[in-house]
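Student: Please take a close look at one part of this model, the place where protein and DNA meet. I would like one connected account of it.

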2 protein chains.
Amino acid sequence: MLKRERLLKIVDIVNKQGIITVNDIIHELNVSDMTIRRDLDELDKAGKLVRIHGGAQSITHAMDQELSHVEKLDVQVEEKTQIAALAASIVNDRDTVFLGPGTTIELLARHLLHKKIRIITNSYPVFEILTQSDTAEIMLIGGDFRKNTGTFVGPLVNSSLQKLNFTKAFISANGVHNEEISTYSIEEGEAHQIALNNSRSKYLLVDHTKFNREDFYVFYNLHDMDYLITDDKIRSDVQAHYEQYVEMQLPQKA
Amino acid sequence: MLKRERLLKIVDIVNKQGIITVNDIIHELNVSDMTIRRDLDELDKAGKLVRIHGGAQSITHAMDQELSHVEKLDVQVEEKTQIAALAASIVNDRDTVFLGPGTTIELLARHLLHKKIRIITNSYPVFEILTQSDTAEIMLIGGDFRKNTGTFVGPLVNSSLQKLNFTKAFISANGVHNEEISTYSIEEGEAHQIALNNSRSKYLLVDHTKFNREDFYVFYNLHDMDYLITDDKIRSDVQAHYEQYVEMQLPQKA
DNA sequence: ATATAAATAAACAAATACAAACACATGATT
DNA sequence: AATCATGTGTTTGTATTTGTTTATTTATAT
């Protein structure tokens, strides 16, 4: 039997069974254990299956288990969920909404799937979520793709954003320090800035850990924001301090 | 036995069996192993089969591994695979390539994953495939999203494309009728047109079923294309007719 | 936590497949 | 007839694949 034939068979079996042991395959195909192991490693590297100790899983099977895990990888999920829900309640039908990148905004996007609105974003994950909607009109601002953050940036993004006006813009940030709102990359900050300038109402979505922290590039002034939405774990003195700059919105304390 | 005769026989056997070893063919045809290997290499280069260690696979058999189930539902997959393979061989490292929408182009994108090139596209499926590459630099031209075709269109796309120049542009179409190349939507056609105008070399990728068919919007003239790549199922009189307009490229007939 | 068994990785050896170079044969071209 | 291109087989060295052996790591049960 050809090697390729064997590999195909293994993938078939794994896809059918979901999960399989090395010994299962040995009995099925009559080759040595090391060959199977080498096959599984190769198929794993090729993305055809997921190698596990003692055998392998099909891609879908592995994803089922990991999905909850991945979602938990993010920090402050609970707080961000709160923020997203509150922000979503502000969006009305017929709004033209800009959504920036970031996990908080992704959670917000999930809430907007069934609204009759127009959504513009430069974030690939946000866009992916929005493609599931059948009521919202979606526009992705494309340009250079930053694979690590899943964001589109650069001159093409900036010049496209210049041409558009929004009723509401939702932006997240890495740091809020007095009046300064900052993020880790100049290019992303520039896009944020343009989107905010062209929006009637400007919303900053940050969880409580972002306050009194600075990041590399300052892209906006808190004075010029209309609302800041955060979670209820914020310290009251911090909240009091920042209320001099901008109107803050928090979910009801339970 | 003539060489041509032997090659045809090999293709026949492979297509019937799906997968075959070099030794199988030796016993069947009574020639030396090296001759068979040379034959298989030749047939592989011509896109008639896929060479693997120890033997060969038929095109369809090889696709079973690479293509998702949805993609297999597409019509003329085999022809489009041929076209995509041929087109991919034209792309060199350091090219700046534009890829339009369409399943043929999606197949082409798979072939480009490991090249050191810059790729620009306005097709979401193409972009999704390309995100798997770690050698290619990717740019998605964003704008209004057409969910049914997965394509970005509209003024934002057009003005972005105006700013970019490509070394090679690969475009598909729904109909080719004499000099007229047509597609089903004005907006997509406009984007095609701009991309082609800004490309040094212009390639039209259409399978044989698209000839002498018209669609709604004529977006380009065959005269202004540099190359037309199609499959070998095209009728020779049709081929002869269209060769007056443009240089045609077909995979080698065995 | 420690001991035990299972699974794995690494190194090696044998078999098989392969690629390149060469030589010979055939048939076409001049 | 001499020359050339093409196709084929042979030889030789290389690369790939596979199984075996030996450590090492990982899982599991006490």
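Tutor: Around DNA strand D there are 16 residues, and those that come nearest are Thr35(A), Arg38(A), Arg6(B), Thr35(B) and Arg38(B). A residue counts as near a strand if one of its heavy atoms lies within 4 Å of it. The model is predicted: local features need pLDDT of at least 70, side-chain atom pairs count only at pLDDT 80 or more, and totals for chains, interfaces and linings use all residues. Residues are numbered from 1 along each chain as its sequence is written, chains are lettered from A and ligands numbered from 1 in the order in which they are written, and side-chain values use heavy atoms, with hydrogens and water left out.

Three residues of chain B show how strand D is contacted. A polar contact here is a pair of N or O atoms within 3.5 Å. Arg6(B) has a polar side-chain atom 2.5 Å from a phosphate oxygen of DNA strand D. In Thr35(B), a side-chain N or O atom is 2.6 Å from a phosphate oxygen of that strand. Arg38(B), by contrast, places a polar side-chain atom 2.6 Å from a base nitrogen of DNA strand D. Among the atoms of strand D within 4 Å of the protein, 62% belong to sugar or phosphate, and the rest belong to bases.

The surface near strand D draws at least two residues from each of helix H1 (3–17) and helix H3 (33–45) of chain A, and from each of helix H1 (3–17) and helix H3 (33–45) of chain B. Helices are DSSP runs of H or I with at least four residues, strands are runs of E with at least two, and both are numbered from the N terminus. By class, this surface has four nonpolar, six polar and six charged residues; Asp, Glu, Lys and Arg count as charged, Ala, Val, Leu, Ile, Met, Phe, Trp, Tyr, Cys and Pro as nonpolar, and the others, Gly among them, as polar.

Now for the other strand. DNA strand C is surrounded by 21 residues, the closest being Arg37(A), Arg51(A), Gly54(A), Arg37(B) and Gly54(B). The side chain of Arg37(A) has an N or O atom 2.7 Å from a phosphate oxygen of DNA strand C. Gly54(A) uses a backbone N or O atom, 2.4 Å from a phosphate oxygen of strand C, and a polar backbone atom of Gly54(B) is 2.5 Å from a phosphate oxygen of strand C. Of the strand C atoms within 4 Å of the protein, 71% are sugar or phosphate.

Note on methods. A polar contact is a pair of N or O atoms within 3.5 Å; within protein, one must be able to donate a hydrogen and the other to accept it, and residues adjacent in sequence count only if both atoms are side-chain atoms.
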